[in-house]
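Student: I'd like to learn how to read charged side-chain pairs in a model. Can we walk through one together?

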Amino acid sequence: MNGRRFTTGAVLLLSLAMASSASAQSAPAQRQIEATKLSKLPKLKTKVEPLYPPEALEKGVEGDVVLLLDIGADGKVTSVGIAEPATPPGLGFEEAAVLAAQQFAFEPAEVDGQPIAVQINYHFKFKPPTKAPPVAPVAPPTTPAPAAPTPAAPTPPAAAPVTNFAGTLRERGTRLPLAGALVTVFRDDGEKPL
């Protein structure tokens, strides 16, 4: 993934939760304001690079995904939706982009110095990593070199450590949390669960 674009503009709608002063029992009202009214735009502090989808990598395919990020007044991403589906579809670009964006952290947006919750578009552009150019062969030495001792066999790489994940599993489309769900992850190199 080489490029990302954080999209803002006058047409970008931002949400500001305003407490209703009419009654303590009334629900908070939502108000939309234009990005030009902000005294400070949200600024990305912590970004996570998405994993390139393996099937797309095999095929050498590029992809684009536009996400809709809800950023709380504390700068944390509270919700991620898909504003424009991946092109091309079905290769895992959307899933990779959503997983990465959920881990972003921002400096919050502000209106008159007060942090507010906003909603922004975030564009992911996936490009396959470039392959290193081939190395030119080295010409053999002209004078015979003394016999070198045979190198020891390289040690095999250490097994990858097990990583624990924590989070909230949400229903696609409604973004409602799913209670009592158990997620099991399988390695690519075996049939046993982690």
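Tutor: Sure, let's start with the rule: a salt bridge is a side-chain nitrogen of Lys or Arg within 4 Å of a carboxyl oxygen of Asp or Glu. One caveat up front: this is a predicted model, where local features need pLDDT of at least 70 and side-chain atom pairs count only at pLDDT 80 or more, while totals for chains, interfaces and linings use all residues. Residues are numbered from 1 along each chain as its sequence is written, and side-chain values use heavy atoms, with hydrogens and water left out.

Student: How many salt bridges does that rule give?

Tutor: The count is 3. Take Lys-40 and Glu-107: their closest N and O atoms sit 3.4 Å apart. Lys-40 is in the loop between strand S3 (29-34) and strand S4 (43-46), and Glu-107 is in strand S7 (residues 105-107), so this pair ties together parts 67 residues apart in sequence. Strands here are DSSP runs of E with at least two residues, helices are runs of H or I with at least four, and both are numbered from the N terminus.

Student: Is Lys-40 buried, exposed or partly exposed?

Tutor: Buried means under 20% relative accessible area, exposed means over 50%, and partly exposed is in between (1.4 Å probe, protein chains only). Lys-40 has 27% relative accessibility, so it counts as partly exposed. Glu-107 is also at 27%, and partly exposed.

Student: Where do Glu-55 and Lys-59 lie?

Tutor: Both are in helix H1 (residues 54-59), 4 residues apart, which is about one turn of the helix. Their side chains form a salt bridge at 3.3 Å, N to O. Glu-55 is partly exposed at 38%, whereas Lys-59 is exposed at 54%.

Student: And what joins the side chains of Asp-64 and Lys-125?

Tutor: A salt bridge again, 3.5 Å from N to O. Asp-64 belongs to strand S5 (residues 63-71) and Lys-125 to strand S10 (residues 118-126), so the pair links parts 61 residues apart in sequence. Asp-64 is partly exposed at 22%, and so is Lys-125 at 27%.

Student: What kind of contact joins His-123 and Asp-64?

Tutor: A polar contact, meaning a pair of N or O atoms within 3.5 Å; within protein, one must be able to donate a hydrogen and the other to accept it, and residues adjacent in sequence count only if both atoms are side-chain atoms. Here the side chains of His-123 and Asp-64 are joined at 3.1 Å. His-123 is found in strand S10 and is buried, with a relative accessible area of 12%.
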